[in-house]
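Student: I would like to work through a protein structure by asking about its parts. Please show it first.

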Amino acid sequence: MMSEDQVIVWESREVGVLLALVGGFLESYTYLLHGGVFANAQTGNMVLLTLSLAHQEWGQVFYYLVPILSFFIGAAVTEVLKLQKRWHEAVIGVEIVLLFFIGFYPLTAPSLMVNLVISFICSMQVSTFRKIQGAAYATTFCTGNLRSAAQSWMDYYLFKNETEKAKGHNYLLIISSFCFGAFMGAILIPFLKTWTVWICCLMLIRVFFKIRKR
């Protein structure tokens with residue numbers, strides 16, 4: 001395992017922690033303010049989509065199909081941005097701008113638009129920032145991180161592999177950051193309402209300047 005000084009800047013612990021905080025925060029944001037849904041990952045939406053198809057609930061089919069397509073488009077747009085020289089900054093810049101405007105979106109308007117945009121944002125983020133200190137991870141959901149944490153810790157305890165121990169620490173750090181981001185959202189949303197999303201903008205601005213200095 002490389003030291004923090006040796007890793008590529010967008011694979012650093014600080015960037016990973018900030019992005020995981022944003023990921024957890026956005027889960028609280030969409031769940032508490034916009035329809036009780038999780039817009040970061042699409043597995044649940046796909047299950048609900050197929051259930052809606054089975055029951056011929058065509059309005060619900062559309063409701064779940066839109067964020068799935070938005071997530072798909074976000075991943076596709078990221079591939080286009082990869083052709084640019086400083087595409088990591090471009091992705092973070094897009095996130096900041098979109099989340100800034102979401103902060104003005106009235107709570108009386110349909111939530112589908114916000115969930116669509118956040119699905120797009122999370123797709124770009126998870127498609128761009130895929131490693132922490134050389135190990136694969138995700139910043140917008142935790143299932144893969146949980147599995148990887150368990151695997152790394154068992155490899156350490158069974159074979160005394162120090163590299164796997166360091167990986168396990170990193171995965172637990174990311175999982176904890178994601179959960180703390182969700183906790184922050186739950187605490188602050190009742191007071192700041194839709195403006196709460198601007199806290200994510202502040203964290204992403206820190207990421208932007210962190211990776212821009214490389």
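Student: In which helix is Asn145 found?

Tutor: Keep in mind throughout that this is a predicted model. Helices are numbered from the N terminus. The run of residues 143–159 holds Asn145, and that run is helix H6.

Student: Is Asn145 buried or exposed?

Tutor: Buried means under 20% relative accessible area. The value for Asn145 is 2%, so Asn145 counts as buried.

Student: Which residues is Asn145 in contact with, leaving aside its neighbours within four places in sequence?

Tutor: One link of Asn145 is to a backbone: its side chain reaches the backbone oxygen of Phe141 at 3.4 Å. With neighbours within four places in sequence left aside, Asn145 is in contact with Tyr137, Ala138, Tyr171, Ile174 and Ile175.

Student: How many salt bridges does a search of the whole structure find?

Tutor: Side chains of opposite charge can pair when their charged atoms come close. The cut-off is a side-chain nitrogen of Lys or Arg within 4 Å of a carboxyl oxygen of Asp or Glu. A search of the whole structure with this rule gives five.

Student: How many residues apart are Glu14 and Lys210?

Tutor: The side chains of Glu14 and Lys210 meet in a salt bridge, at 3.3 Å from N to O. Glu14 is in helix H1 (residues 13–33) and Lys210 in helix H8 (residues 198–212), so the pair links distant parts of the chain, and the separation is 196 residues.

Student: Which residues are linked with Glu14 in a network of salt bridges?

Tutor: Glu14 is partly exposed, at 29% relative accessibility. Lys210 is also partly exposed, at 22%. The network that includes Glu14 has two other members, Arg206 and Lys210.

Student: Is Glu164 buried or exposed?

Tutor: Glu164 forms a salt bridge with Lys167, with the closest N and O atoms 3.5 Å apart. Both lie in helix H7 (residues 162–192), three residues apart, about one turn of the helix. Lys167 is partly exposed, with a relative accessible area of 24%. Glu164 has a relative accessibility of 14%, so Glu164 counts as buried.

Student: What is the N to O distance in the salt bridge of Glu79 and Lys82?

Tutor: Glu79 is partly exposed, at 43% relative accessibility. Lys82 is partly exposed as well, at 28%. Their side chains meet in a salt bridge with an N to O distance of 2.9 Å.

Student: Which element gives the most to the largest nonpolar core?

Tutor: In soluble globular proteins, nonpolar side chains tend to be buried together. The largest nonpolar core here has 46 residues, of which Ile92 and Leu99 touch the most other members. Two or more residues come from each of H1, helix H4 (87–102), helix H5 (112–128), H7 and H8. The element that gives the most, with 11 residues, is H1.

Student: Which residues is Ile92 in contact with, leaving aside its neighbours within four places in sequence?

Tutor: Ile92 is one of the two residues that touch the most other members of the largest nonpolar core. Apart from neighbours within four places in sequence, its contacts are Leu19, Phe129, Leu204, Val207, Phe208 and Ile211.

Student: Why is there no bond between the sulfur of Cys142 and the closest cysteine sulfur?

Tutor: The structure holds zero disulfides. A disulfide needs two cysteine sulfur atoms within 2.5 Å. For Cys142 the closest cysteine sulfur is in Cys179, and it is too far for a bond, at 5.3 Å.

Student: How are the rings of Phe100 and Phe101 paired, stacked or edge-to-face?

Tutor: A pair of aromatic rings is described by the distance of the centres and the angle of the planes. Planes over 60 degrees apart count as edge-to-face. The centres of the Phe100 and Phe101 rings are 5.7 Å apart and their planes are at 75°, so the pair is edge-to-face.

Student: How are the rings of Trp153 and Tyr157 paired, stacked or edge-to-face?

Tutor: Trp153 and Tyr157 are four residues apart in helix H6, about one helical turn. Planes under 30 degrees apart count as stacked. These ring centres are 5.9 Å apart with the planes at 25°, so the pair is stacked.

Technical notes:
Residues are numbered from 1 along each chain as its sequence is written. This is a predicted model: local features need pLDDT of at least 70, side-chain atom pairs count only at pLDDT 80 or more; totals for chains, interfaces and linings use all residues. Side-chain values use heavy atoms; hydrogens and water are left out. Buried means under 20% relative accessible area, exposed over 50%, partly exposed in between (1.4 Å probe, protein chains only). A polar contact is a pair of N or O atoms within 3.5 Å; within protein, one must be able to donate a hydrogen and the other to accept it, and residues adjacent in sequence count only if both atoms are side-chain atoms. Contact means heavy atoms within 4.5 Å. A nonpolar core is a set of buried Ala, Val, Leu, Ile, Met, Phe, Trp, Tyr and Cys residues joined through side-chain atoms within 4.5 Å. Rings of Phe, Tyr and Trp (its six-membered ring) pair if their centres lie within 6.5 Å; planes under 30 degrees apart count as stacked, over 60 as edge-to-face and the rest as tilted.
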